[in-house]
Amino acid sequence: MHFADPRGRPGILFFSGLMAEGAKIQNMANGKDYYIILGVGKSASQEEIKQAYRKLAREHHPDMVDAANKESAEKRFKEINEAYQVLGDEQKRKMYDQF
C-alpha cells in the first residue's frame, strides 16, 4: 500500500522529505529560540508572526541603517529571516516545536 502526499508523491518519499526537513530545521536552530528572535510567544498566530517579522525586517534591513551599523544589522536581518522561514510555515513550525 502506498500513500501519497498532497503533491502526489509516494508516501515513503514524502515521509523521507519530512525527516530531512526536520533535520534541516534542527540544524538551522542550533539552540536559537526563533520565538525570542521575532519577539512573539509560542502561542502567537501566523498573523502575529508575520507582523513581527515585517516590523523587525524593516528595522534591521541593511539598506535602512547607517554605515556604522550595517554589518550588525545584516547579521540580525539574516537571523530574523531564518526565524521567519521556520515559524512562518506551519509545517516547519510544528517540526521546530518538537525539538
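**Exercise 1. Are Y34 and Y96 buried or exposed in this predicted model, and how are their rings arranged?**

*Solution.* Start with accessibility: Y34 and Y96 are both buried. Next, look at the rings. Y34 and Y96 form a stacked aromatic pair, with 4.9 Å from centre to centre and 25 degrees between the planes. The angle settles the label, because planes under 30 degrees apart count as stacked. Finally, place the partners on the chain: Y34 belongs to helix α2 and Y96 to helix α5, 62 residues apart, so this pair links distant parts of the chain.

**Exercise 2. Which label fits the pair of Y35 and Y96: stacked or tilted?**

*Solution.* Take the distance and the angle together. The ring centres of Y35 and Y96 are 6.0 Å apart and the planes stand at 45 degrees, so this pair is tilted. Now add the location: Y35 sits in helix α2 and Y96 in helix α5, so the pair ties together parts that are 61 residues apart in sequence. Y35 and Y96 are both buried. To finish, join the two exercises: Y34, Y35 and Y96 make up one aromatic cluster. The structure as a whole holds three aromatic pairs.

**Exercise 3. Which residues of α3 are buried, and where do they lie around the axis?**

*Solution.* Begin with the helix itself. Helix α3 covers residues 46–60, which is 15 residues, and spans 21 Å from its first C-alpha to its last, close to the 21 Å expected at 1.5 Å a residue. Now list the buried positions in α3: I49, A52, Y53, L56, A57 and H60. These cover an arc of only 130 degrees around the axis, which puts them on the same side of α3. Turn to the other side of α3, and you find K55 and R58 exposed. Last, ask what covers the buried residues of α3: the list includes α2 (34–38), α4 (70–87) and α5 (90–98).

**Exercise 4. Why does H60 count as buried, and which residues does H60 touch?**

*Solution.* H60 has its place in helix α3. Its relative accessibility is 18%, and therefore H60 counts as buried, since the cut-off is under 20%. Leaving aside residues up to four places away in sequence, H60 touches A73, R76, F77 and I80. Compare these with the buried residues of α4, which are A73, F77, I80, N81, A83, Y84, V86 and L87. For the helix as a whole, α4 has 18 residues and reaches 25 Å between its first and last C-alpha, close to the 26 Å expected at 1.5 Å a residue.

**Exercise 5. Which side chain of opposite charge is nearest to R93, and how far away is it?**

*Solution.* Find R93 in helix α5. The nearest side chain of opposite charge is D97, at 4.2 Å. A salt bridge has to be within 4 Å, so R93, although buried, has no salt bridge. Then check the surroundings: not counting residues up to four places away in sequence, R93 touches Y35, G41, K42, S43, A44, S45, Q46, I49, V86 and L87.

**Exercise 6. Where does G31 lie, and how far is G31 from F99 in space?**

*Solution.* G31 is in the loop between α1 (11–29) and α2. Its relative accessible area is 80%, so G31 is exposed. Now weigh sequence against space: G31 and F99 are 68 residues apart in sequence, yet 9.7 Å apart from C-alpha to C-alpha.

Notes: Residues are numbered from 1 along each chain as its sequence is written. This is a predicted model: local features need pLDDT of at least 70, side-chain atom pairs count only at pLDDT 80 or more; totals for chains, interfaces and linings use all residues. Side-chain values use heavy atoms; hydrogens and water are left out. Helices (H or I, at least four residues) and strands (E, at least two) are DSSP runs, numbered from the N terminus. The expected span of a helix is 1.5 Å times one less than its number of residues. Buried means under 20% relative accessible area, exposed over 50%, partly exposed in between (1.4 Å probe, protein chains only). The arc is that of the directions from the helix axis to the C-beta atoms. Contact means heavy atoms within 4.5 Å. Lys and Arg count as positive and Asp and Glu as negative; His and the chain ends are not counted. Rings of Phe, Tyr and Trp (its six-membered ring) pair if their centres lie within 6.5 Å; planes under 30 degrees apart count as stacked, over 60 as edge-to-face and the rest as tilted.
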